[in-house]
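Welcome! Let's get to know this protein together, one question at a time.

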Amino acid sequence: MSSGQPSDNEEPRADLLREEDEDEEDSDEDKSSTRTSSPQEGCESAEVQGSSRLELAADGGTGSGCRSSSACDSLFSWICRRTIRRGPFVDPARDHFRTMTRLYSSMSPATDSVNLTTQTHGAVFNLEYSPDGSVLTVACEQTEVLLFDPVSSRHIKTLVEAHEDCVNNIRFLDNRLFATCSDDTTIALWDLRKLNSKVCTLHGHASWVKNIEYDTHTRLLVTSGFDGNVITWDTNRFTEDGCPHKKFFHTRYLMRMRLTPDCSKMLISTSSGYLLILHDLDLTQSLEVGSYRILRARRAPLSTEGSSAGSRSGGSRHTIDSKTHPHREGLSPRNSLEVLTPEIPGERDRGNCITSLQLHPKGWATLLRCSSNMDDQEWTCVYEFQEGAPPRPPVSPRCSLRLTHYIEEANVGRGYIKELCFSPDGRLICSPYGYGVRLLAFDEHCAELTDCMPVRTALLREVRSIYSHSDVVLTSKFSPTHCQFASGCLSGRVALYQPHF
């Protein structure tokens with residue numbers, strides 16, 4: 001009716017529809033209790049049943065136009081029931097997982113991505129998107145930084161001689177400012193609005209600078225290098241001549257350093273197989289470790305039981321008390337240091353090197369790429385953060401790591417570091433795999449890590465493998481805003497991957 005109000009003669013029909021709906025709900029519940037098919041089949045059957053109910057409500061058996069409002073009511077009630085009802089067929093989150101799985105399973109190299117290469121810049125060591133996804137930056141072996149529009153695959157600019165040696169890492173501070181670091185021991189700040197020259201150059205490291213992080217709370221830039229130093233730079237007071245800096249931490253065999261998303265922890269990986277965690281992080285203070293005894297400590301045997309202390313902690317655990325850690329004097333709760341020997345599958349009796357270190361975007365887990373000390377095996381491992389009250393506060397560590405998922409890698413391109421990454425929602429992992437990449441998930445539905453936490457260590461599930469390079473892939477990166485990711489290889493080519501429809 002034009003007024004939109006139901007007439008008196010429509011009320012019996014509405015009651016009938018409600019009775020039919022209740023009967024259908026009862027039958028659906030009976031079916032769900034006896035059905036043994038997969039959740040996917042259940043979703044499809046629910047959609048078919050819903051469409052048949054809509055058709056019945058639409059024609060009403062008589063084809064009269066006066067029942068159109070009842071059809072709308074039926075549609076609305078069916079959508080409401082489908083949204084709030086529990087069961088395998090009506091879970092919107094599961095439909096989203098399935099959609100994302102299909103979407104990422106169809107990822108293929110973009111046609112225009114073959115143009116993302118030149119003959120001069122050498123191997124691609126790092127890829128980084130701007131926070132708004134509008135710019136893709138590429139760190140190259142031959143002193144250059146490339147900038148691309150990832151949507152149109154158009155080359156924007158090449159920063160020729162951005163450094164005097166290999167460019168190793170790029171980090172955006174916001175949508176316009178980004179930092180680069182190099183084997184020339186310097187860090188450079190750049191502004192997308194004025195790329196003809198650097199904003200400033202930062203000097204302070206004594207060896208190759210390999211990693212850049214940024215604390216958004218304090219606006220401190222944090223860098224690490226093969227000199228073993230972690231240095232903080234106060235970007236609130238930078239000038240053309242640089243900005244104030246100080247050494248925050250030092251350790252031997254340093255490979256990679258990361259901050260958790262909330263900047264409450266710092267993780268440091270080493271080439272000797274140790275993982276250092278600084279809890280309750282305070283970057284405004286400096287730390288000095290006077291003894292390296294813990295870094296040369298003998299590896300404790302790992303238990304094979306999933307419920308044992310060794311497995312729950314992910315390996316042997318060492319702590320530093322107030323006698324060996326100067327900053328712990330006075331029992332300060334900040335910057336407490338934990339040193340772990342992460343459990344590596346197949347590496348119980350041999351040492352290993354942690355070459356790549358990434359963190360889950362929600363801070364739930366850490367992602368490691370490890371290789372044996374003989375360099376004949378390579379693994380991708382996921383470790384869950386185990387939060388809990390320390391047994392002897394505040395000296396004991398605040399948490400430890402538990403190995404939840406792993407997979408063996410191709411171990412192609414020995415000696416080169418392969419940088420893997422999480423997707424923006426944390427459901428997928430993109431891992432360099434030989435001459436291509438693999439998309440890995442925690443289960444077959446690409447579910448959240450917290451929704452599919454295994455009792456025992458499980459294998460990562462392969463969603464898709466894509467081989468699009470003619471050389472070993474060294475780095476990969478997901479776009480923060482688009483359904484897209486990129487990879488770069490040893491010969492200098494960058495490939496963009498998008499859904500194929």
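Q: How many residues lie between β2 and β3 in their hairpin?
A: This is a predicted model, and in it β2 and β3 form a hairpin. In the turn, G133 has a positive phi of about 75°. The number of residues between the two strands is six.

Q: Which residue of β3 is the bridge partner of N126?
A: Strand β2 covers residues 124-129, and β3 covers residues 136-140. The two run antiparallel and are joined by five bridges. Across this pairing, the β3 partner of N126 is A139.

Q: Is L127 buried or exposed?
A: L127 is found in strand β2, where five of the six residues are buried. Buried means a relative accessible area under 20%. L127 has a value of 1%, so L127 is buried.

Q: How far apart in space are L127 and S487, C-alpha to C-alpha?
A: In sequence, L127 and S487 are 360 residues apart. Even so, S487 is among the residues in contact with L127, as are L136, T475 and V494. From C-alpha to C-alpha, the two are separated by 7.5 Å.

Q: How many strands does the protein have?
A: The protein is made of 501 residues, and 52% of them are buried. Its secondary structure includes five helices. The number of strands is 30.

Q: What share of the contacts with a separation of 6 or more comes from residues 24 or more positions apart?
A: L127 and S487 have already shown us one contact across the sequence, with their positions 360 residues apart. For the protein as a whole, we look at contacts with a separation of 6 or more and ask which of them join residues 24 or more positions apart. Their share is 56%.

Q: What part of the exposed area do carbon and sulfur atoms supply?
A: The protein exposes about 22500 Å² in total. Of that area, carbon and sulfur atoms supply 50%.

Q: Over residues 202-234, what percentage of the chain is strand?
A: The unreviewed UniProt entry annotates "repeat: WD" over residues 160-193 and 202-234. In the model, residues 160-193 are 0% helix and 53% strand, with end C-alpha atoms 17 Å apart. Residues 202-234 also show 0% helix, and their end C-alpha atoms are 11 Å apart. The strand content over 202-234 is 64%.

Q: Which strands stand at the edges of the open sheet with the order β23-β24-β25-β27?
A: This open sheet has four strands with antiparallel pairing. An edge strand here has a single partner, so one side of it is left without a neighbour in the sheet. The strands in that position are β23 (421-422) and β27 (461-467).

Q: Which residue of β27 is the bridge partner of L439?
A: Strands β25 and β27 run antiparallel. Six bridges join them. For L439, the partner in β27 is R464.

Q: What is the angle between the planes of W208 and F226?
A: The structure holds six aromatic pairs. W208 and F226 form one that is tilted, at 6.1 Å centre to centre. W208 lies in the loop between β9 and β10, while F226 lies in the loop between β11 and β12, 18 residues apart. The angle between their planes is 40°.

Q: Is the pair of F485 and Y497 stacked or edge-to-face?
A: The ring centres of F485 and Y497 are 4.5 Å apart, with 15° between the planes. Planes under 30 degrees apart count as stacked, and those over 60 as edge-to-face. With its 15°, this pair is stacked.

Q: Which residue lies over the face of Y433?
A: There are charges placed over rings in this model, including K265 over F385, at 5.6 Å from the ring centre. Over the face of Y433, at 3.9 Å from the ring centre, lies R438.

Q: What is the relative accessible area of C446?
A: C446 is found in the loop between β25 (436-441) and β26 (458-459). Its phi is near 55°, a positive value in a residue other than glycine. C446 is buried, and its relative accessible area is 3%.

Note on methods. Residues are numbered from 1 along each chain as its sequence is written. This is a predicted model: local features need pLDDT of at least 70, side-chain atom pairs count only at pLDDT 80 or more; totals for chains, interfaces and linings use all residues. Side-chain values use heavy atoms; hydrogens and water are left out. Buried means under 20% relative accessible area, exposed over 50%, partly exposed in between (1.4 Å probe, protein chains only). Two strands pair if DSSP finds at least two bridges between them. Contact means heavy atoms within 4.5 Å. Accessible areas come from the Shrake-Rupley method with a 1.4 Å probe; for residues, only the protein chains shown count as cover. UniProt positions are given in the numbering used here, feature names are shortened, and annotations may be inferred rather than shown by experiment. Rings of Phe, Tyr and Trp (its six-membered ring) pair if their centres lie within 6.5 Å; planes under 30 degrees apart count as stacked, over 60 as edge-to-face and the rest as tilted. A charge sits over a ring if NZ of Lys or CZ of Arg is within 6 Å of the ring centre and within 35 degrees of the ring normal. Lists of a residue's contacts leave out its neighbours within four places in sequence.
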